[in-house]
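Colleague: I am new to this structure and would like to understand the words used for it. Could you take me through them one by one?

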Amino acid sequence: MQERKKPCKGMEKELEKIVFQVPETEEEVEFYVVEETKFNGAHYLLVVEDLEEEEAYLLKDLSEESDTESVYVMVEDDKEREAVAGIFSELLEDIEIEAKQ
């Protein structure tokens, strides 16, 4: 996974922009990392594809210690998604986050 920082229009801080490669298609998808946190021992990212979009994604790191690159998946479990969305809502007080399927 390639990582790079770029300034983001309208944001107070510079957001990290990361590139994910979809294993099945080898397509590259870029996301801006809005926030990150740990919950129950797992690392999570709140990401958006575009800074103007209102839709964000919750990603969970499934990497093992021996992995050379991070392995992230979309959080699909409803309870886990709601719990992590609640944490991000607290971290980002001025942004309302609603967990959707």
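Modeller: What follows is a set of questions about terms, each set against its cut-off, for a model that is predicted.

Colleague: Why is E26 called exposed?

Modeller: E26 has a relative accessible area of 58%, and because exposed means over 50%, E26 counts as exposed. E26 lies in the loop between strand 2 (15-21) and strand 3, and has a positive phi of about 60° although it is not a glycine.

Colleague: What makes N40 exposed or buried?

Modeller: The relative accessible area of N40 is 70%, and since the cut-off for exposed is over 50%, N40 is exposed. N40 is found in the loop between strand 3 and strand 4, where its phi is positive, at about 50°, although N40 is not a glycine.

Colleague: Why is L62 called partly exposed?

Modeller: Its relative accessibility is 42%, and because buried means under 20% and exposed over 50%, with partly exposed in between, L62 counts as partly exposed. L62 lies in the loop between strand 5 and strand 6 (72-74), and with V71 and V73 makes a nonpolar surface patch of about 210 Å².

Colleague: How do you know that D50 is partly exposed?

Modeller: D50 has a relative accessible area of 35%, which falls between the cut-offs of 20% and 50%, so D50 is partly exposed. D50 lies in the loop between strand 4 (42-48) and strand 5 (57-61), and E49, D50, E52, E53 and E55 form a negative surface patch.

Methods: Residues numbered from 1 in each chain as written. Predicted model: local features only at pLDDT ≥ 70, side-chain atom pairs only at ≥ 80, totals over all residues. Heavy atoms only, no water. Patch = residues over 30% accessible without salt bridge, like charges linked within 9 Å, V, L, I, M, F, W, Y side chains within 5 Å. Areas by Shrake-Rupley, 256 points an atom, 1.4 Å probe, with all protein chains shown as cover. Salt bridge = Lys/Arg side-chain N within 4 Å of Asp/Glu carboxyl O. Lys, Arg positive; Asp, Glu negative; His and termini not counted. Charge placed at Lys NZ, Arg CZ, Asp CG, Glu CD. Helix = DSSP H or I, 4+ residues; strand = E, 2+ residues; numbered from the N terminus. Buried < 20%, exposed > 50% of the residue type's maximum accessible area, 1.4 Å probe, protein only.
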